[in-house]
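Please open the model in a viewer and keep the sequence panel visible. The tour below proceeds by selections, each followed by a description of what is found there.

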Amino acid sequence: MTIALSPSTPVVRSQLTRQPIPIFCLQGNFRTCGNVVCWAASANYVSLRVGARRFQPLVKLSSGKRRGVVRCATIEEIEAEKSSIEKDVKERMEKTVENVRSNFNSIRTGRASPAMLDKIEVDYYGTPVSLKSIAQVSTPDASSLLVQPYDKSSLKAIEKAIVSSDVGMTPNNDGEVIRLAVPQLTSDRRKELSKIVSKQAEEGKVAIRNIRRDALKAYEKLEKEKKLSEDNVKDLSGDLQKVTDEYMKKIDTVFKQKEKELLTI
């Protein structure tokens, strides 16, 4: 029986020779043709045998009404999926590093910093909002903070939020602004805070490793769908590990900086 073959635009690489080979789409009902070339269908995928060599082109049966038509997975589609995974990994890892840095900034080191109040939320007319969104926080000197609300009617609410927080500072409300004196840290307190910072850094690393795990699963899924070869996945996994190591180093860097601040008297 004659098989009608029509060349398709997409080109893929043979897993054996790694050279570009054309993909042909089958039209009509197809069967084995002799013992030289044969098409074998399995689920939604087909494979091509030429003599003893087997090729696995990235082709998938179309879900359209015409039976026997094969839809080819293009190089552009595969690259788009890989790029999407890589972009998601870097965005999530970058956000993780920023979260770790933000947590570090909220821990006081004995020197005044507006970031000490970043985590405080104020009940502003029944809605919880961040303190920095309704007030300006400045440092008149190295040992004090000045909170100047944009709306003076919120002074009481801000004062209450600071008192109920864990910043360890007593607000002084003069009816116009709120002043906070930053107490010096004892040696024991510095060591205690250093342990907290170390724990937060480790949590950040765990989050980085989880992002890497998710990306590996996504690559393995593409391999199962015959969109990536085993060698492709190995190469991508190696690149992913390099990115992971890079962001691990970023967390180590911000951790060492914060630890130095805490232990410097």
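Two strands are said to pair if DSSP finds at least two bridges between them. The model shown is predicted.

**The whole chain.** Begin with the entire protein chain, which has five helices and 13 strands. Buried residues make up 34% of its 265 residues. Among the contacts with a separation of 6 or more, 54% are between residues 24 or more positions apart.

**The first pair of strands.** Select β10, residues 135–141, together with β11, residues 144–149. These two strands run antiparallel and are joined by five bridges. Which residue of β11 is the bridge partner of Val137? The partner is Val147. A hairpin of two residues leads from β10 to β11.

**The rest of the sheet.** Add β12, residues 171–173, and β13, residues 178–181. The four strands now selected form an open sheet in the order β10-β11-β13-β12, with antiparallel pairing. In general, strands of a sheet pair through backbone hydrogen bonds, either parallel or antiparallel. The edge strands here are β10 and β12, each of which pairs on one side only. From one strand to the next, the twist averages 25 degrees. Between β12 and β13 there are three bridges; Asn172 has Arg179 of β13 as its bridge partner.

**The helix on the sheet.** Next, select helix α3, residues 155–164. This helix packs on the sheet and touches β10, β11, β12 and β13. The direction of α3 makes about 165 degrees with that of β12.

**A helix of 38 residues.** Move on to helix α4, residues 187–224. The distance from its first C-alpha to its last is 56 Å, close to the 56 Å expected at 1.5 Å a residue. Just after α4, select Lys226, which takes a positive phi of about 65 degrees.

**Two packed helices.** Finally, select helix α1, residues 75–105, and helix α5, residues 230–263. Two packed helices are described by the angle between their axes and the distance between the axes. For α1 and α5, the angle is about 10 degrees and the axes are 10 Å apart. Because angles under 35 degrees count as roughly parallel, α1 is roughly parallel to α5. To display the contact, choose residues of α1 including Val89, Met93, Val97 and Phe104, and residues of α5 including Leu240, Tyr247, Ile251 and Val254. How many residues of this contact are nonpolar, polar and charged? The contact of α1 with α5 has twelve nonpolar, two polar and seven charged residues.

Terms used: Residues are numbered from 1 along each chain as its sequence is written. This is a predicted model: local features need pLDDT of at least 70, side-chain atom pairs count only at pLDDT 80 or more; totals for chains, interfaces and linings use all residues. Side-chain values use heavy atoms; hydrogens and water are left out. Axes are lines fitted to C-alpha atoms, for helices over the stretch in contact, and angles run from 0 to 180 degrees between N-to-C directions. Angles under 35 degrees count as roughly parallel, over 145 as roughly antiparallel, 65 to 115 as roughly perpendicular and the rest as oblique. Contact means heavy atoms within 4.5 Å. Ala, Val, Leu, Ile, Met, Phe, Trp, Tyr, Cys and Pro count as nonpolar, Asp, Glu, Lys and Arg as charged, and the others, Gly among them, as polar. The expected span of a helix is 1.5 Å times one less than its number of residues. Buried means under 20% relative accessible area, exposed over 50%, partly exposed in between (1.4 Å probe, protein chains only).
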